[in-house]
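Please look over the sequence and the fold shown here before reading on. The paragraphs below then take up a few of its helices, charged pairs and rings in turn.

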Amino acid sequence: MRILYFTRDYSPHDHRFLKTLADSEHEIFSLRLERRGLPREERSLPPAVQPIRWRGGERPAHWRDYPALLFDLKRVLRRIKTDVVHAGSIHTAAFLTALSGYQPLVSMSWGSDLLVDADRNGWYRWVTCYTLERSAVMIGDCRAVRQKAGQFGFPEQRTVLFPWGVDLTHFSPAPTANLRRRLGWQDAFVILSLRSWEALYGVDHVAQAFATAAEAEPRLRLLLLGEGSLAGSIHRTFSQHNLLDRVHFGGRVDNDDLVQYYRAADLYLSASHSDGSSVSLMEALACGLPVLVSDIPSNREWITAGEQGWLFRDGDEVDLAAKMVLAVQKEHEFKVMGSAARKLAEERADWSINQQGLWKAYAMALAKEKVDKTNE
């Protein structure tokens, strides 16, 4: 089988999918729609993947670029003659593939494309409908995505759901004191936040809530990874509350090095306003780390309050601060919570198992194409 993997940019998640495809007996091609800002993934494409040179992939892509990109995409598809195209997100690579008329198309939702962008305005709603109507199969990572696609008329039976999962051998519980010792935080209660500093991910709420909680609980410390457009306001919050000595700004961390931060923390925190099955949440669970996450549908698919950690009201800084303090008070329960977290990851977040969803989606798409051709 010849498979074209067409993605908006190149991220650690794309590397994960391409590595899985490259390890198969199939012929794999990779197409990149755009290159935005600093690279999110430093690793090269897996050796067995054949990158396609075309008009896109070297700079940001805007709607005005789509006619020229579409013309060249049709040329690429005629030349390489793939059996299936796997494309995402819904409004970018999948939309362009749908415009080309190619079949069978396996569209992949990246979570926020359907959960947030699809309702942005009339144009995005039209693009969502157009793409889904022309998709043989849709891949999603949580029930919330499937339900949203259903609101646009996409059949549930043509949706393949699987959490993107993690490498459970790499992300695993293990004692480590090096980072805490270097920071002088051996006796502190350390919270880890590593989402992007953009409005969608609520890191500004994390900063405000931490300022409140830190006043009540002197042991609190924050490992704050990432970067983004809210950097100025986030730094100002900590500075105004004289908390710079209680926050470690780790910046961007290579995917392979993330495990040391999970192992150095006592609690994982995500204040995201929208998510699919968050990979960083699954990584934290795999490392046996109790979690504190926003009470949104996708997180409720994973976390039961009091078992693997806690949920807080989305966007509510007062509730978030109170739950941070509660976590310190419940630290004696963390061994049991950590075991429950690891157990959940083993049951639902094992990428070596979940990746089979890819092949199921491709088989369904090819079977649908065969039926459609028979019925013509």
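What follows goes from one helix and its surroundings to the salt bridges and then to the aromatic residues.

This is a predicted model, in which local features need pLDDT of at least 70 and side-chain atom pairs count only at pLDDT 80 or more, whereas totals for chains, interfaces and linings use all residues. Residues are numbered from 1 along each chain as its sequence is written, and side-chain values use heavy atoms, with hydrogens and water left out.

A convenient place to begin is helix α8, which covers residues 203-216; helices (H or I, at least four residues) and strands (E, at least two) are DSSP runs, numbered from the N terminus. Helix α8 has 14 residues and spans 20 Å from its first C-alpha to its last, close to the 20 Å expected at 1.5 Å a residue, where the expected span is 1.5 Å times one less than the number of residues. The buried residues of α8 include Val 203, His 205, Val 206, Ala 207 and Phe 210, buried meaning under 20% relative accessible area, exposed over 50% and partly exposed in between, with a 1.4 Å probe and protein chains only. These buried residues of α8 pack against β8 (189-193), β9 (220-225), α9, β10, β11 (267-270) and α13 (317-329), contact being heavy atoms within 4.5 Å. In helix α9, which runs over residues 231-240, sits Arg 236; its C-alpha atom is 9.5 Å from that of Ala 207, although the two are 29 residues apart along the chain. Arg 236 counts as partly exposed because its relative accessibility is 49%.

The charged side chains come next. A salt bridge is a side-chain nitrogen of Lys or Arg within 4 Å of a carboxyl oxygen of Asp or Glu, and by this rule the count comes to 26 salt bridges. One of them joins Asp 256 and Arg 43, at 4.0 Å from N to O. Asp 256 lies in the loop between β10 (247-251) and α10 (258-264) and Arg 43 in the loop between β2 (27-32) and β3 (49-51), so this pair ties together parts that are 213 residues apart in sequence. Both partners are partly exposed, Asp 256 with a relative accessible area of 44% and Arg 43 at 28%.

Helix α14 (residues 334-348) shows salt bridges of a more local kind, for Glu 346 and Arg 342 both lie in it, four residues apart, about one turn of the helix. Their closest N and O atoms are 3.0 Å apart. Glu 346 is partly exposed because its relative accessibility is 43%, while Arg 342, at 17%, counts as buried. Glu 347 and Lys 343, also four residues apart in helix α14, meet in a salt bridge of 2.4 Å, N to O. Here Glu 347 is exposed at 51% relative accessibility, and Lys 343 is partly exposed at 49%. An α-helix has 3.6 residues a turn, so residues three or four places apart point the same way. Elsewhere, Arg 8, Asp 9, Arg 32, Glu 34 and Arg 36 are linked in a network of salt bridges.

How many aromatic pairs does the model hold? The count comes to 24 aromatic pairs, where rings of Phe, Tyr and Trp (its six-membered ring) pair if their centres lie within 6.5 Å, and planes under 30 degrees apart count as stacked, over 60 as edge-to-face and the rest as tilted. The rings of Tyr 66 and Phe 95 have centres 6.2 Å apart and planes at 35°, so this pair is tilted. The pair links distant parts of the chain, with Tyr 66 in helix α2 (residues 66-80) and Phe 95 in helix α3 (residues 93-100), 29 residues apart. Tyr 66 is buried at 8% relative accessibility, as is Phe 95 at 3%. Trp 310 and Phe 334 have ring centres 6.1 Å apart and planes at 45°, so they too are tilted. This pair connects strand β13 (residues 309-312), which holds Trp 310, with helix α14, which holds Phe 334, over 24 residues.

Tyr 66 and Phe 95 also belong to a cluster linked by ring pairs, together with Trp 63, Trp 123, Tyr 124, Trp 126 and Tyr 130. Of these, Trp 123 lies in helix α5 (residues 122-133) and is partly exposed, with a relative accessible area of 39%.
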